[in-house]
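Here are my notes on this one, written as numbered points. Keep the viewer open and click along as you read.

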Amino acid sequence: MTDRTQAARIAEAQGVLRANDRGGYTVPTARLYPFQWNWDSAFVAMGFSTFDEARAWTEIEMLLHGQWEDGLIPQIVFHAPSDDYFPGPDVWGIARTPPTSGIAQPPVLATASRHLLDHAGDRAAAEAHMATIYPKLLANHRWWAQARDPGGTGLVATLHPWETGMDNSPAWDTALARVPTNTETVIRRRDTSHVDPAMRPRAEDYQRFIHLVDCYRGEAWDPARIYARAPFRVADIGTNAILLRAERDLLAMAGRFGTPQECSEIGARIDARQRAIGGLWHDATGLFVCRDLLTDAPIPVGTSAGFLPLFAGAASPAQAAAMALKLQDWARRVRFLVPSTDPTDPKFESVRYWRGPIWAVVNWMIADGFAQSAQADAAARIRADTLALIETAGFSEYFDPKDGNGAGGGAFSWTAAIYLLLRA
Ligand code: GLC
C-alpha cells in the first residue's frame, strides 16, 4: 500500500469514529448497535487517542456514567432511546439514568485508560482525568472479585454468553444447552433485519439468552442472588485473561493515583489470578481453555480467546512457544489469522458469529501478547493480516478467515480504532 492510500485509509478510519460519535460516546455501528457498548468503547477510546485525546477521555467518562454503585460497569449504556435494538431497557428492567443492561463485558477499560495516559501529549489533562477515573476502575475490579468470585478462587465467573463479548462461541454450546428456552419476555429480534440471518445467532440460542436475562431480572440483579441462581456459569478464559491484564495496568496507575494499601490489594489479586489462569492450560487443545463452573470441568474447545493469557502475561515461555506452533497449524487451514474458532473443529463456521470469523480487536490483543512473549514472528503475522483484511475489505464488524471478506455490520467503530492503533 502506498503512503498516499495509507493516509487515506487513516482518514477514513477517523471518519468512521466521527460518524459513529453520538455526542461524547460512540456507537459500535449505526442501526445494528445504537448505544454505547463497554469493551467497544475501551478500544474506541484508544483509537481516538491517536488523533483527539480530549475526545478519547470523554469516551471513557461517558461509559463510566453508566457505572453502578457496586462497581459494575455494564455491557450497554442506553444513553438515548432507539427502536433498532432488542433487548432494550424495558427488558432489562433497570431503573437508572441513563438506563443500562445488567451484565458485564470484558474489562478492557483499565488497559485503555493506561494506554491513554502513557501516550498523552497533554500530560496535565491526562493526569487530571486519570485522578477521577482511577477510583472507578478500582471499584470495578473489586466488583469482579466480590460479585463474580465470591469463593476467592482467582477466576471470575461470567453468567451470560454476552458478558464474554464472544456471544456465540462454540465454547458455550454445552453449558448453554442446559439453559431452558422458555422466556417471559416476548422476543422481537431486530438484528436479523439489519444483517444476513446466516451470520447471526440462531433462534434457539436467542431464547436461551433472553431466558437468562429474565432469570436475573427476577432476582432484581442482586449480585449474590444471580450468582447463586445462574443456570449458566463459566470461567471464560478471555474475560479472565483480560482482567488479569487490566489488574496489571491498574497496579501501574495505583502507584501514582492510589495508596500503598491499594497497591498490595491489587498485587494480591494479580498473584491469585495468574495462578488460577495457569490451571486453565489444556494439553490436548494446545491452548488455554474455559471452565464450566457448574460441572467443574474444562471446556475443551479451541478458540481465539485461548491465546489471550499471552496478553495477560500469564503464559510460560514453553506455553507461548506451543501457542505459536498452534497458530502456524491454524494458518495452514485458513488464509487469514486469527479465526475465533479452531478451524479443525467440526463446529468451525467461517461467517457465523464468533464461530470462526476474525475480530480485529481480538487480533490486536493476541499480537500484543505474542510480542510480550518474545514471539515476534507470530505478532508480526497477526498484525499484517489484520491490516490486509481492513485495507482490502474495509471496516467490517468481522472477517471471513478463508477468503478475507468482510461480514456483519459495516463502518464498525472498533475495527476503525484498531486500524488507527496499528498504523500509529
Ligand atoms: C456483539 C459482540 C460484542 C460487541 C457488540 C457490539 O454483541 O458479540 O462483543 O461488544 O456486538 O459491537
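1. Let's start with charges. Keep in mind that this is a predicted model. How many salt bridges does the count come to? The tally is 35 salt bridges.

2. A good one to look up is the pair E265 and R142, whose side chains meet in a salt bridge at 2.7 Å, N to O. This pair ties together distant parts of the chain: E265 sits in helix α12 (residues 260-278) and R142 in helix α6 (residues 123-148), with their positions 123 residues apart in sequence. Are these two buried or exposed, or something in between? E265 has 25% relative accessibility, so it counts as partly exposed. R142 is partly exposed as well, at 31%.

3. Stay on E265 for a moment, as its side chain also meets that of R269 in a salt bridge, again 2.7 Å from N to O. R269 and E265 are four residues apart in helix α12, which means about one helical turn separates them. R269 has a relative accessibility of 12%, so it counts as buried.

4. Another pair worth a click is R189 and D191, with side chains that meet in a salt bridge at 2.8 Å, N to O. D191 is buried, and its relative accessible area is 7%. There is also a network to trace: salt bridges link D173, R202, K347, E349, R352 and R355.

5. Now for the greasy part. In soluble globular proteins, nonpolar side chains tend to be buried together. Here the largest nonpolar core has 141 residues, and the members that touch the most others are W39, F43, M253, F307, L308 and F370. Which helix gives the largest share of this core? That is helix α11 (residues 237-257), with ten residues.

6. Try selecting F43 and looking around it. If you skip its neighbours within four places in sequence, F43 is in contact with V108, V361, W364, M365, W414, A417 and I418.

7. Next, have a look at helix α5 (residues 109-118). Why is α5 described as largely enclosed by the rest of the structure? Because eight of its ten residues are buried. The buried ones are L109, A110, T111, A112, S113, H115, L116 and L117. What do they pack against? Their partners are α2 (38-49), α3 (53-64), α6, α11 and α16 (413-423). You have already met α6 as the helix that holds R142, and α11 as the one that brings ten residues to the core.

8. Zoom out to the whole chain. It has 16 helices and nine strands. Along the principal axes, the C-alpha trace spans about 55 × 50 × 45 Å. A compact globule of 424 residues would have a radius of gyration near 22 Å, and the chain has 20 Å, so the two agree.

9. Some totals to finish. Of the 424 residues in the chain, 59% are buried. Among contacts with a separation of 6 or more, 70% are between residues 24 or more positions apart. The accessible surface of the chain is about 15200 Å², and carbon and sulfur atoms account for 51% of that.

Notes. Residues numbered from 1 in each chain as written. Predicted model: local features only at pLDDT ≥ 70, side-chain atom pairs only at ≥ 80, totals over all residues. Heavy atoms only, no water. Core = buried A, V, L, I, M, F, W, Y, C linked by side-chain atoms within 4.5 Å. Buried < 20%, exposed > 50% of the residue type's maximum accessible area, 1.4 Å probe, protein only. Helix = DSSP H or I, 4+ residues; strand = E, 2+ residues; numbered from the N terminus. Contact = heavy atoms within 4.5 Å. Salt bridge = Lys/Arg side-chain N within 4 Å of Asp/Glu carboxyl O. Rg over C-alpha atoms; globule rule 2.2 N^0.38 Å. Areas by Shrake-Rupley, 256 points an atom, 1.4 Å probe, with all protein chains shown as cover.
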